[in-house]
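Morning, everyone. I have one structure to walk you through today. Have a look at it first, and then we will start with a question.

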Amino acid sequence: MTELWEAALSDLRGRLSDENFDNWLAPIRFGGVEGNTVRLRIPNRFFADWVSTHYLELILGSMREKLDRDDLRVHWEVDESLSEPPPRPTPEPAPAPRPMVQAEPGGSRMPRAATGLNPKYRFENFVVGPSNQLAHAASMAAASSPGNRYNPLFLYGGVGLGKTHLMNAVGHRIVQDRPGARILFLSAERFTNEYIWALQNHKINQFHERYRDECDVLLMDDIQFLAGKEQTQEAFFHTFNALYHADRQIVVSCDVYPKQIPGMEERLISRFQWGMVADIQAPALDTRVAIVKKKAELEGIALSDEVALFLGQLVKSNIRELEGMLLRLAVKAELLGHDIDLEFAKEALRGMMPRPETATTVEDIQRAVSDYYSIRLADLKSHRRQRSVTHPRMIAMYLCKQRLGTSYPELGSRFGGRDHTTVMSAVRKVSGLIDKNPTMRMELEAIERKLGL
Ligand code: ADP
Ligand code: MG
């Protein structure tokens, strides 16, 4: 009969998001069928109520088909032992970090399966570059010493830049170091839905238990969703306080800086700033290329440096789109039985190329560079030889070559009628300095960001 449940589960897995499946269905244990009654064991009452309201029909539907009887019903049994921390994976326990789970006799624990974490989003798969270095370091620090100095950790940045990835990575790292730590990862939207549902169904106590008492690490994604929702903010405020004062780690992500969340209560905003606030910027080209390569490696896609560079140039600010592009390319190549060479990539993604009128020009780069170093555009193109001018000029030439691929003779004429060999040696000089000179790298990154490159 266990097979019956397994089959139903695999059915349901296909119909729910991974997050919902892992959160709500995976922790359920099958207790057998008697007559028309299916017994299911579940960690606590809140769980049973939530699953009944949201998934009972799905569960019954799938079981009815398999048992071929339509009078089935479910009997829930609360079984707190289901939420005991799992046994340690190795008989020889590694030196234990500060335990996060205090022994509370009879206290119910959320099972590990109910973390809501995405298995793909780990530190190991995260590419670190100047745009996300701070957020990455803060996340690592919070993960290695949860509830301590970086509490709360507030991560913010635009869409598709890795906030959700980092939060998941924090969760995975904590569970890995401290098996049994009770992690909850969820979006603020889901928090809101569960809260409203709990209110309507008189389950507020169970709701509080789930988020305050049974949680060691709360990872709350996209907090901007709470904007203007006063009552949910109030609930979150109290959850925050309870966790914070019990030294439980809180990580929050948002699309903007705390003060800029419209319609967010002042007292929450100030709490968000109690710990560490770290931003994620759009990655520069080098980082984008490194990310594409990493993704290709993870997905087993053979990708040349050339094509990785091409993809990195194509998508500028949203890593999710960049990944989408890579996958589209891989699928197309697979279907047509073709290698992913540069020609193929260009052809396959032709519709996706930036339109010429929006593409960056030599002129754009020259202006951005002059602005950045506060010199006149005319000086950049002149033959003056002061370092205050030669340095920016070199940088501008390098950027034009690297990012636009403009030819050396063309660049020579665009930079005040210079010989192409002069441009070439300037570009070569910058290339040679990049790795040794962090200041220069920073300057380049800043200019690229300004240009949206
Ligand atoms: P956000 O939550 O900021 O909108 P996500 O965390 O969902 O963005 O990231 C979007 C996609 O880009 C994910 O698939 C994620 O794995 C990937 N991604 C973003 N930044 C990086 C990075 N630095 N290294 C590897 N993958 C990344
Ligand atoms: Mg996200």
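Which residues does Thr-192 touch, not counting residues up to four places away in sequence? There are four names to find: Phe-225, Leu-226, Lys-229 and Thr-232. Thr-192 itself sits in helix 6, residues 188–200. Is Thr-192 buried or exposed? It is buried, because its relative accessible area is 3% and the cut-off for buried is under 20%.

Now, a word of care. This is a predicted model. The mean pLDDT of the protein is 87. Of its residues, 92% reach 70 or more. Among the elements, strand 7, residues 249–254, has the highest mean pLDDT, at 98. Helix 2, residues 18–25, has the lowest, at 79. Then look at residues 84–112. There, pLDDT stays under 50. The model still has 49 contacts beyond four places in sequence for that stretch. Where pLDDT is low, the predicted coordinates should not be read in detail.

Next, the whole protein. It has 453 residues, and 49% of them count as buried. The secondary structure comes to 19 helices and 8 strands. The C-alpha atoms fill a box of roughly 90 × 55 × 50 Å along the principal axes. What about contacts along the chain? Take those with a separation of 6 or more: residues 24 or more positions apart account for 73% of them.

On to the sheets. Strands of a sheet pair through backbone hydrogen bonds, either parallel or antiparallel. We will see two open sheets, one of 3 strands and one of 5 strands.

Start with the sheet of 3 strands. Its order is 1-2-3, and the pairing is mixed. The edges are strand 1, residues 29–34, and strand 3, residues 73–78, and each pairs on one side only. Neighbouring strands here are turned by 25° against each other on average, direction ignored. Strand 2, residues 37–42, runs parallel to strand 3, and 6 bridges join them. Find Val-38: opposite it, in strand 3, stands Val-74. Helix 3, residues 45–67, lies across strand 1, strand 2 and strand 3. It runs at about 140° to strand 3.

Now the sheet of 5 strands. What is the order of its strands? Read it as 5-6-7-4-8, with parallel pairing. Strand 5, residues 183–187, is one edge, and strand 8 is the other, each pairing on one side only. The average turn between neighbours in this sheet is 15°, direction ignored.

Strand 4, residues 153–157, is joined to strand 8 by 5 bridges, and the two run parallel. Leu-153 stands opposite Met-276 in strand 8. Tyr-156 stands opposite Asp-279 in strand 8. Strand 8, residues 276–280, has two faces to compare. Met-276, Ala-278 and Ile-280 make up the covered face. Val-277 and Asp-279 make up the uncovered one. Helix 5 lies across strand 4, strand 5, strand 6, strand 7 and strand 8. It runs at about 165° to strand 6.

Stay by strand 4 for a moment. Gly-158 is in the loop between strand 4 and helix 5. It counts as partly exposed, because its relative accessibility is 31%. Beyond four places in sequence, Gly-158 touches Lys-163, Asp-255 and Ile-280. Now find Asn-318. Gly-158 and Asn-318 are 160 residues apart in sequence, yet their C-alpha atoms are 8.2 Å apart in space.

Last stop: helix 12, residues 319–336. It has 18 residues, so at 1.5 Å a residue it should span 26 Å. Its end C-alpha atoms are 26 Å apart, which agrees. Which residues of helix 12 are buried? They are Ile-319, Leu-322, Met-325, Leu-326, Leu-329, Ala-330 and Ala-333. Seen down the axis of helix 12, these buried residues fall within an arc of 130°, so they line one face. Look at the spacing, too. An α-helix has 3.6 residues a turn, so residues three or four places apart point the same way.

What do the buried residues of helix 12 pack against? Helix 10, helix 11 and helix 13. Turn to the face away from that buried side. It carries the exposed residues Arg-320, Glu-334 and Leu-335.

That's my tour. Thanks for listening.

Definitions and conventions: Residues are numbered from 1 along each chain as its sequence is written. Chains are lettered from A and ligands numbered from 1 in the order in which they are written. This is a predicted model: local features need pLDDT of at least 70, side-chain atom pairs count only at pLDDT 80 or more; totals for chains, interfaces and linings use all residues. Side-chain values use heavy atoms; hydrogens and water are left out. Two strands pair if DSSP finds at least two bridges between them. Helices (H or I, at least four residues) and strands (E, at least two) are DSSP runs, numbered from the N terminus. Axes are lines fitted to C-alpha atoms, for helices over the stretch in contact, and angles run from 0 to 180 degrees between N-to-C directions. Contact means heavy atoms within 4.5 Å. Buried means under 20% relative accessible area, exposed over 50%, partly exposed in between (1.4 Å probe, protein chains only). pLDDT is the predictor's confidence in each residue, from 0 to 100. The expected span of a helix is 1.5 Å times one less than its number of residues. The arc is that of the directions from the helix axis to the C-beta atoms.
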